[in-house]
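Here is a quick tour for anyone meeting this protein for the first time. Have a look at the fold, then read on for the parts worth finding in it.

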Amino acid sequence: MLRKEQNDLLTQTGPGTPMGDVFRRYWIPALLAEEVAEPGGAPVRVKLLGERLLAFRDSEGKLGLIDEFCAHRGVSLWFGRNEDCGLRCPYHGWKYDTSGQCTEVPSEPESSGFRQRIKLTSYPLVERGHIAWTYMGPPDLQPPLPEWEFITVPPEQTFSSKRLQESNWLQAMEGGIDSAHVSFLHRGALSSDPLFKGAKGNQYNLNDSAPVFEVVEHGSGLYIGARRNAEDGHYYWRITPWVMPCFTMVPPRGDHPIHGHFWIPIDDENCWAWSFDYHPVRALTEREVQAMRDGHGIHVTYVPGTYRPAANKDNDYLMDRAAQKAGITYSGVSGIAMQDASLQESMGPIVDRTRENLTSTDNGIIMARFRLMKAAKALRDKGVPPPGTRPEEQQVRSAAVVLPPDQAFKDAAGEALRARPGVVQASV
């Protein structure tokens, strides 16, 4: 368990907090590129790390992410007019470009120089792999652009989505690195979900519900290995990489695409659950993409016009007790993503970790918390930059392998845990 002050350190990410400062050293997903696809289109509200921002693509196609509120009297610029290379406040006509610089104050003579002194907070916004990414830290410490494999493969090989999760980012992320729950919570989906079913590894999951965990540190995070029994005394290993602060990747199943997540704080009680699927050596099929759009795998369907899941706490996640009793779904909630989210949200907005009783299957979570606390304190106290910001640290893969009992996964699966262009994933 954690002490209250440790829990606060890990879960609070607003401006000026140690963990917030950690997140601000990375490029993080801000919104789907399709949300700001149209030059001169409507601005989009974006809340990240406790800051209320607006994203827009100006009339020349340039992306901007700026403070939501006009510097004049605090009007939300979401009501603004996107015109002639800037966003104009409809109240008194003040206008801002994509850098947040005020370019027009109609009530003041240009000779006064007044508008040059007005500049809103702004952050870079860069489109890569269907996602618009932002960096919210010190400009002089901006790292190279992200190079995760799912955003560098050809566009036809990758798919990304996002959903609102009404809980703190940490309990969501901890679910992403917890492989033990798959044998229970997701057991129905292993045989029915079109993006999971048919893989031989599914049977290992279903036949052995007491995995043994081995956690190995690497420079930018952890490799979390879950070992289950296979044939002839061999072991089935599912190896999940976690890269600081919030990247996780689900071990693959058969020739299905590889899945993964980012868990990005909106504020301390809500986060964006970003989900991606990609295949390193082939295009996603029309059937696979349609399944993702239909909410299968790790994706969801939405309340129309929003990114809030259609199954949510207001409708008890469309809980079906008959399906639960019949074993169609283990928890009664349909869909892998919402099976996870329903239970994580049930913990409350910020779970009280002082009341936990952890076991050996929680070793990955324990070590991830330690790495996060260590990085936050090192940045706060000594200015040491956190790991995981360099492109080479992002070249990781998850893997599923069967190994003899005398082989350690960190050695035998070493090459499989490295992203290599044109090389198929290690899967069972």
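Before we start, a word on names: helices and strands here are DSSP runs, numbered from the N terminus, with a helix needing at least four residues and a strand at least two. Keep in mind, too, that you're looking at a predicted model.

## The whole chain

Counting by those runs, the chain has 12 helices and 19 strands. Its radius of gyration is 23 Å, and the globule rule gives 22 Å for 428 residues, so the chain is as compact as a globular protein of that length. If you drew a box around the C-alpha atoms along the principal axes, that box would be roughly 85 × 45 × 45 Å.

## Two domains

The chain splits into two parts: domain 1 covers 27–141, and domain 2 covers 149–417. Going by C-alpha atoms, the centres of domain 1 and domain 2 lie 34 Å apart.

## Where the domains meet

On each side of the boundary, 16 residues take part: 16 from domain 1 are in contact with 16 from domain 2. Together the two domains bury about 1400 Å², and 67% of that area is on carbon and sulfur atoms.

What about polar links? The rule finds two salt bridges across the interface of domain 1 and domain 2. Try finding the pair Lys47 and Asp267, which form a salt bridge with their closest N and O atoms 3.2 Å apart. There are also five residue pairs in polar contact across this interface, with both partners at pLDDT 80 or more.

Which elements on the domain 1 side give two or more residues to the surface touching domain 2? They are β1 (27–32), β2 (44–48) and β11 (131–135). Of these, β1 gives the most, with five residues. As for the kinds of residue on this side of domain 1, you'll find nine nonpolar, three polar and four charged.

## Two backbone oddities

Most residues other than glycine have a negative phi, and most peptide bonds are trans. This model has a spot that departs from each habit.

The peptide bond running from Met244 to Pro245 is cis, with omega near -5°. To find Pro245, look in the loop between β15 (235–243) and β16 (247–250).

His130, meanwhile, isn't a glycine, yet its phi is positive, at about 70°. You'll find His130 in the loop that links β10 (125–128) and β11. That second strand may ring a bell: β11 is among the elements giving two or more residues to the side of domain 1 that touches domain 2.

How values were computed: Residues are numbered from 1 along each chain as its sequence is written. This is a predicted model: local features need pLDDT of at least 70, side-chain atom pairs count only at pLDDT 80 or more; totals for chains, interfaces and linings use all residues. Side-chain values use heavy atoms; hydrogens and water are left out. Domain bounds come from an automatic or database domain assignment. Contact means heavy atoms within 4.5 Å. Buried area is the accessible area (1.4 Å probe) that two parts lose on being put together, summed over both. A salt bridge is a side-chain nitrogen of Lys or Arg within 4 Å of a carboxyl oxygen of Asp or Glu. A polar contact is a pair of N or O atoms within 3.5 Å; within protein, one must be able to donate a hydrogen and the other to accept it, and residues adjacent in sequence count only if both atoms are side-chain atoms. Ala, Val, Leu, Ile, Met, Phe, Trp, Tyr, Cys and Pro count as nonpolar, Asp, Glu, Lys and Arg as charged, and the others, Gly among them, as polar. The radius of gyration is taken over C-alpha atoms; the globule rule is 2.2 Å times the number of residues to the power 0.38.
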